[in-house]
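Colleague: Before we discuss this model, I should like to understand how its descriptive terms are justified. Please set each value against its criterion.

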Amino acid sequence: AKLDHLRYQTARFWESHKDTAGALGKALAIGDRGSLPTEIQDAWADAGVAHLLAISGLHVAFLAWILYFTAYIFLWLWPTLAQRISLRRLSALWALPGVVFYTLLCGAQASASRSALMVGAYLVGLMLRRPTAAANTMGIAGCGLLGIDPSSLYDPALASFAMDGYD
């Protein structure tokens, strides 16, 4: 209920901007394209960048990167702390809840959930000092998606996601 209220407040913040910038900000921030005019959506589609309006790997990975490196730089400012603990592990620990929170805030759409699972697997690998190969994180994310929703096996997006790991 609190998350729904926060999602509503975020949408209201962007709706307070009466021009198309507010609608575009709402679409880019939480994936809600409801108030985005069709001509803007068509223009983005014609430019080939309409996929940026859906919360997906770009948004989740960018947020994880910002959280990770902000924490890393902040922790680096204390040399005594840096000598005692691993800044990489603590930064990954800091970024993980932010990624989960953002994914839930955006409604945990399939593309965002896939990305959050991959980023989460990568961050947990960093925390556990394990190899963080892309194929491993994709495999963990795929198994996690199927564990959460077995019917996603028949979703074409999962097949596309699975094929991303093969060159």
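Modeller: A residue is called buried when its relative accessible area is under 20%. In this predicted model, buried residues make up 31% of the 167 residues in the protein chain.

Colleague: What makes Ala108 partly exposed?

Modeller: Partly exposed denotes the range between under 20% and over 50%. The relative accessibility of Ala108 is 33%, so Ala108 counts as partly exposed. Ala108 belongs to the loop between helix H6 (87-105) and helix H7 (110-127).

Colleague: Why is Arg129 called exposed?

Modeller: The term exposed requires over 50%. Arg129 has 58% relative accessibility and therefore counts as exposed. Arg129 is placed in the loop between H7 and helix H8 (134-148).

Colleague: What is notable about the phi of Ala108?

Modeller: Most residues other than glycine have a negative phi. Ala108, a residue other than glycine, has a positive phi, near 50°. Arg129 also has a positive value, near 55°.

Colleague: Which residues make the nonpolar surface patch?

Modeller: Phe62, Trp65, Ile66, Phe69 and Ile73 make a patch of about 510 Å². Patch residues need over 30% relative accessible area and no salt bridge, and nonpolar side chains are joined within 5 Å. Phe62 is located in helix H4 (residues 57-76).

Colleague: How many helices and strands does the protein chain have?

Modeller: The chain has 9 helices and 0 strands. A run of DSSP states H or I counts as a helix from at least four residues.

Key
Residues numbered from 1 in each chain as written. Predicted model: local features only at pLDDT ≥ 70, side-chain atom pairs only at ≥ 80, totals over all residues. Heavy atoms only, no water. Helix = DSSP H or I, 4+ residues; strand = E, 2+ residues; numbered from the N terminus. Buried < 20%, exposed > 50% of the residue type's maximum accessible area, 1.4 Å probe, protein only. Patch = residues over 30% accessible without salt bridge, like charges linked within 9 Å, V, L, I, M, F, W, Y side chains within 5 Å. Areas by Shrake-Rupley, 256 points an atom, 1.4 Å probe, with all protein chains shown as cover. Salt bridge = Lys/Arg side-chain N within 4 Å of Asp/Glu carboxyl O.
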